[in-house]
Amino acid sequence: MTASTQGEAPQFLGIDLGGTQLRVALVDAAGQVLAAERRETDLSGPDAVIAQMVALIGILRGPAVRALGVGVPGTIDRAAGTVLGVPALPGWGGVALAERLRTATGLPVVLENDAKAACIGEWRAGAGMGSDNLAYVTVSTGIGAGIIAEGRLLRGAAGLAGELGHTRLTEQPIPCACGRTGCWQALVSGPVLAARARAVAVPGSRLAALAEGVPLSSRHVGVAAAEGDATALALLAEMAEWLGVGFANLQHSYDSERIVVGGGVSALLEPMRAGIEATLRARLLPGFRPATILRAALGDDAGLVGTAMAARDATERGAL
Ligand SMILES: [Zn+2]
């Protein structure tokens, strides 16, 4: 391939707007990250962050870049290209982000919710590649999700479909960050696992020893479980059961071929796998096949790749 034809292969930029880090990647049409930059997110407000975005775009952009995608950790009006709200970053409500980036860079811009962006990334270039029916579930501080059904990302009437973390799984009055009780993410998350571990990490226990001098985290539970610690294994078994219940709800709703699990808690997928799969099988109605449960393949890059792929797909559709 000559240099001139290489220059003609289209490239896309993906931006991951995080509460602590702002990341920008140059991605080829197959979803491979060619180069990336990151900065600490400027907390003084949208004007400063948009200036950071434009500067990082300037570093990475070449002549082959066709369009730009931005993943937003909150709610967006995708058609208007505006941010409706970002819980972790005050001041973003009503910001016309797509228009401002388009004006500053001359590039077409598409916005995506961050969980949906990660879903698109795993679908186009990760553990979901080749499947037209998959659910992406990210489990970290809460639960986010994206559903690919019959080859399309499910959006819903207002673009909000997929808030599975707030489906109710128990009558127990366990509080959720949303203000309600019994939500799936009130039962399964990194902070929930850490809090349960702290409650049972009595002096002299393996968990207490592992966390000496540092806050006990879900990672410590994984370490103790790998050593065969019964308390840690019981904590993971409890979490695996709630994941299995949630996945059975997913399966009954969407009949997915694969369930791709991302987020920090996905590091504990293997020790929880048997429990998740047993619960899933036990709860499925006759005729339903259990989805293949896979750990996300792109890790922290899923959102970056996904926003770039969303920009690619929109370009190919002529929607930008
Ligand atoms: Zn909730």
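**View 1. The zinc site of this predicted model, with its four coordinating residues**. In this predicted model, the zinc ion is held by ND1 of His166 together with the SG atoms of Cys176, Cys178 and Cys183, at 2.1 to 2.3 Å. The angles among the four donor atoms run from 106 to 121°, and the site is tetrahedral; for comparison, the ideal angle for four tetrahedral donors is 109.5 degrees. Along the chain, the donors of the zinc ion are spaced as H-x9-C-x1-C-x4-C. His166 and Cys183, 17 residues apart, both belong to the loop between S10 and H5, and the pair links distant parts of the chain. Cys183 is buried, because its relative accessible area is 3%, under the 20% limit, whereas His166, at 33% relative accessibility, counts as partly exposed.

**View 2. Trp184 and the largest nonpolar core**. This core has 47 residues, and those with the most contacts inside it are Trp184, Val188, Phe247, Ile259 and Met272. Two or more residues come from each of several elements, among them S8, S9, helix H5 (184-187), helix H9 (230-254) and strand S11 (258-262), and H9 gives the most, with eleven residues. Leaving aside neighbours within four places in sequence, Trp184 is in contact with ten residues' worth of surroundings that include Val137, Ile143, Leu164, Trp242, Leu243 and Phe247. A second, separate core of 28 residues includes Val24, Ile76, Leu101 and Leu111.**View 3. The open sheet of five strands**. The strands follow the order S10-S9-S8-S11-S12, and their pairing is mixed. At the edges lie strand S10 (152-153) and strand S12 (292-295), each of which pairs on one side only. Strand S8 (residues 134-139) and strand S9 (residues 143-149) pair in the antiparallel sense over six bridges, and Val139 has Ile143, in S9, as its bridge partner.

**View 4. The surroundings of Arg66 in strand S4**. Arg66 lies in the strand that spans residues 65-72, and at 34% relative accessibility Arg66 counts as partly exposed. A polar atom of the Arg66 side chain lies 3.0 Å from the backbone oxygen of Ala64. Beyond the neighbours within four places in sequence, Arg66 is in contact with Glu8, Pro10, Gln11, Phe12, Leu107 and Pro108. Ala311 is 245 residues away from Arg66 in sequence, yet the two are 8.4 Å apart in space, C-alpha to C-alpha.

Technical notes:
Residues are numbered from 1 along each chain as its sequence is written. This is a predicted model: local features need pLDDT of at least 70, side-chain atom pairs count only at pLDDT 80 or more; totals for chains, interfaces and linings use all residues. Side-chain values use heavy atoms; hydrogens and water are left out. Two strands pair if DSSP finds at least two bridges between them. Helices (H or I, at least four residues) and strands (E, at least two) are DSSP runs, numbered from the N terminus. Buried means under 20% relative accessible area, exposed over 50%, partly exposed in between (1.4 Å probe, protein chains only). Contact means heavy atoms within 4.5 Å. A polar contact is a pair of N or O atoms within 3.5 Å; within protein, one must be able to donate a hydrogen and the other to accept it, and residues adjacent in sequence count only if both atoms are side-chain atoms. A nonpolar core is a set of buried Ala, Val, Leu, Ile, Met, Phe, Trp, Tyr and Cys residues joined through side-chain atoms within 4.5 Å. Donors are N, O and S atoms within 2.8 Å of the metal (3.2 Å for Na, K and Ca); water is not among the atoms, so sites may look incomplete. Four donors count as tetrahedral if all angles lie between 85 and 135 degrees; four count as square planar and six as octahedral if opposite donors are over 155 degrees apart and all others between 65 and 115; anything else is irregular.
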